[in-house]
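Me: I would like to go through this structure by question and answer, with each answer ending on the value or name asked for.

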Amino acid sequence: MKKYVCDVCGFEYDPAIGIPNKGIEPGTAFEDLPDDFTCPVCGVDKSEFSPVD
């Protein structure tokens, strides 16, 4: 699964880790995050994330 980075603050979403304290379990692909997901650091929505090569 691909990692994604927030274009605004640089937070990296790693699906292998998830965000357990936000209810996002390890193994959750970025595409499977809820539509109302926001960056846990700066609060922008999913559209502000880009895949990491």
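Reply: A nonpolar core is a set of buried Ala, Val, Leu, Ile, Met, Phe, Trp, Tyr and Cys residues joined through side-chain atoms within 4.5 Å. The model discussed here is predicted.

Me: How many residues make up the largest nonpolar core?
Reply: The aromatic members of this core are Y4, Y13, F30, F37 and F49. I19, I24, L33 and V44 belong to the largest nonpolar core too, as do C6 and C39. The total is 11 residues.

Me: Which residues does C39 touch, not counting those up to four places away in sequence?
Reply: C39 is itself a member of the largest nonpolar core, together with C6, V44 and F49. Those three are among the residues that C39 touches. The full list for C39 is C6, C9, F11, V44 and F49.

Me: How many aromatic pairs does the structure hold, and what is the angle between the planes of Y4 and F30?
Reply: The structure holds six aromatic pairs. Y4 and F30 form one that is stacked, where the planes have to be under 30 degrees apart. The ring centres of Y4 and F30 are 4.1 Å apart, and the angle between the planes is 10 degrees.

Me: How many residues apart in sequence are the parts that the pair of Y4 and F30 ties together?
Reply: Y4 lies in strand β1, residues 4-6, while F30 lies in the loop between β2 (12-13) and β3 (49-51). The pair therefore ties together parts whose separation in sequence is 26 residues.

Me: Are Y4 and F30 buried or exposed, and which residue lies over the face of F30?
Reply: Both Y4 and F30 are buried. They also belong to one aromatic cluster with Y13, F37 and F49. Over the face of F30, at 5.5 Å from the ring centre, lies K46.

Me: Which strands stand at the edges of the sheet?
Reply: The sheet is open and has three strands in the order β2-β1-β3, with antiparallel pairing. Each edge strand has a single partner strand, so one side of each is left without a neighbour in the sheet. The edge strands are β2 and β3.

Me: What is the bridge partner of V5 in β2?
Reply: β1 and β2 pair in the antiparallel sense over two bridges. The partner of V5 is a residue of strand β2, partly exposed with a relative accessible area of 38%. Its contacts, leaving aside neighbours within four places in sequence, are K3, Y4, V5 and V52. The residue is E12.

Me: Is T28 buried or exposed, and what is its relative accessible area?
Reply: T28 lies in the loop between β2 and β3. Leaving aside neighbours within four places in sequence, T28 is in contact with M1, Y13, P15 and L33. A polar atom of its side chain lies 2.7 Å from the backbone oxygen of E25. T28 is buried, because buried means under 20% and its relative accessible area is 18%.

Me: Is D35 buried or exposed, and how far apart in space are D35 and D45?
Reply: D35 is found in the loop between β2 and β3. D35 is exposed, with a relative accessible area of 75%. D35 and D45 are 10 residues apart in sequence, and their separation in space, C-alpha to C-alpha, is 8.5 Å.

Technical notes: Residues numbered from 1 in each chain as written. Predicted model: local features only at pLDDT ≥ 70, side-chain atom pairs only at ≥ 80, totals over all residues. Heavy atoms only, no water. Buried < 20%, exposed > 50% of the residue type's maximum accessible area, 1.4 Å probe, protein only. Contact = heavy atoms within 4.5 Å. Phe/Tyr/Trp six-rings, centres within 6.5 Å; stacked < 30°, edge-to-face > 60°. Helix = DSSP H or I, 4+ residues; strand = E, 2+ residues; numbered from the N terminus. Lys NZ or Arg CZ within 6 Å of the ring centre and 35° of its normal. Polar contact = N/O pair within 3.5 Å; in protein donor to acceptor, adjacent residues only side chain to side chain. Pairing = 2+ DSSP bridges.
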